[in-house]
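Work through the exercises below with the sequence and the model open. Each task is followed by a solution in steps.

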Amino acid sequence: MDQIARLVASKLLEVEAVRLQPDKPFLWASGWHSPIYCDNRKTLSYPDVRSTVRDELAAMVTRLYPQTEYIAGVATGAIAQGALVADKLGLPFVYVRSKAKDHGMENLIEGDLKPNSRVVVVEDLISTGGSSLKAVGALRAAGAEVLGMVAIYTHGFDEPVRRFAEAEVKLTTLTDYDTVIAQALASGYVGQADVDMLAQWRKDPASWNPAVK
């Protein structure tokens with residue numbers, strides 16, 4: 001698995017799905033400043049990377065959850081990723097909206113999800129874990145048995161680890177923050193001083209201030 005984590009990390013860096021800007025931090029939607037930004041939707045534009053992600057997620061589902069009956073993607077970032085995995089495995093696919101539509105059937109879950117189905121959720125990125133676990137809650141409320149969640153990448157914050165444990169959801173990712181940073185350092189993308197600063201950010205991302213050196 002370590003080999004896969006390194007491979008996926010390298011590919012994410014190669015296509016700049018993960019970008020590191022220690023000298024010009026990003027502003028997240030949450031209001032946090034961050035020297036790292038992940039947009040795994042970029043992988044969809046590169047057939048080789050897209051196929052690698054699809055194949056490794058599908059292999060993970062097969063290995064961990066051979067009883068899977070449905071794949072569910074989390075809107076919007078994991079809709080395409082989930083559909084690709086479902087197609088690879090020959091399984092039905094649904095996706096979970098962030099909120100129910102305000103017209104038509106007012107669906108929260110799109111697709112035809114049969115009651116009592118065994119579902120694996122596909123995510124692209126785990127940050128705080130809030131939207132991911134909201135999707136799990138929606139699936140459970142619809143009568144599904146959520147076997148677990150697989151994702152491409154996680155920042156590895158303490159908060160989502162706690163949240164997933166409390167929700168009794170097993171999370172498995174292809175790669176993670178530590179592996180990405182190690183690959184970035186090995187390739188010369190960042191230096192050791194940058195790695196040290198990134199480590200300080202990761203300890204308390206909500207309070208980290210890029211203006212304070």
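**Exercise 1: The sheet**

Task: In this predicted model, find the bridge partner of Thr154 in strand 10, then place strand 10 in its sheet.

Solution.
Step 1. Thr154 has Asp176 as its bridge partner in strand 10.
Step 2. Strand 9, residues 145-154, runs parallel to strand 10, and five bridges join the pair.
Step 3. The open sheet has six strands in the order 7-6-5-8-9-10, and its pairing is mixed.
Step 4. Strand 7 (109-110) and strand 10 (171-176) each have a single partner strand, so they stand at the edges and one side of each is left without a neighbour in the sheet.

**Exercise 2: The largest pocket**

Task: Which elements each supply at least two residues of the lining of the largest pocket, and how does the lining divide into nonpolar, polar and charged residues?

Solution.
Step 1. The volume of the largest pocket is about 680 Å³. It is lined by 25 residues, and those closest to its centre are Ala29, Cys38, Leu125, Ser127 and Ser131.
Step 2. At least two lining residues each come from strand 4 (36-38), strand 8 (118-126) and helix 4 (130-141). Strand 8 gives the largest share, four residues.
Step 3. By type, the lining has 10 nonpolar, 11 polar and four charged residues.

**Exercise 3: The annotated site**

Task: Which residues under the UniProt annotation "binding site" does the lining of the largest pocket include?

Solution.
Step 1. In the unreviewed UniProt entry, the annotation "binding site" covers Arg97, Lys101, His103, Glu123, Asp124, Leu125, Ile126, Ser127, Thr128, Gly129, Gly130 and Ser131.
Step 2. Of these, the pocket lining includes Glu123, Asp124, Leu125, Ile126, Ser127, Thr128, Gly129, Gly130 and Ser131.

**Exercise 4: Two loop residues**

Task: Is Ser127 buried or exposed, and is Asn40 buried or exposed?

Solution.
Step 1. Ser127 sits in the loop between strand 8 and helix 4. Its relative accessibility is 19%, so Ser127 counts as buried, the cut-off being under 20%.
Step 2. Apart from neighbours within four places in sequence, Ser127 contacts Trp28, His155, Phe157 and Pro160.
Step 3. Asn40 belongs to the loop between strand 4 and helix 2 (47-64). Asn40 also counts as buried, because its relative accessibility is 0%.
Step 4. With neighbours within four places in sequence again left aside, Asn40 is in contact with Leu12, Ala17, Gln81, Asp124, Leu125, Ile152 and Tyr153.

Key
Residues numbered from 1 in each chain as written. Predicted model: local features only at pLDDT ≥ 70, side-chain atom pairs only at ≥ 80, totals over all residues. Heavy atoms only, no water. 1 Å grid on protein atoms, 1.4 Å probe; cavity = no way out; pocket = protein on both sides within 12 Å on 5 of 7 lines; lining within 4 Å. Points joined across faces, edges and corners; volume = space filled by probe spheres on them. Nonpolar A, V, L, I, M, F, W, Y, C, P; charged D, E, K, R; others polar. UniProt positions renumbered as here; feature names shortened; annotations may be inferred. Buried < 20%, exposed > 50% of the residue type's maximum accessible area, 1.4 Å probe, protein only. Contact = heavy atoms within 4.5 Å. Pairing = 2+ DSSP bridges.
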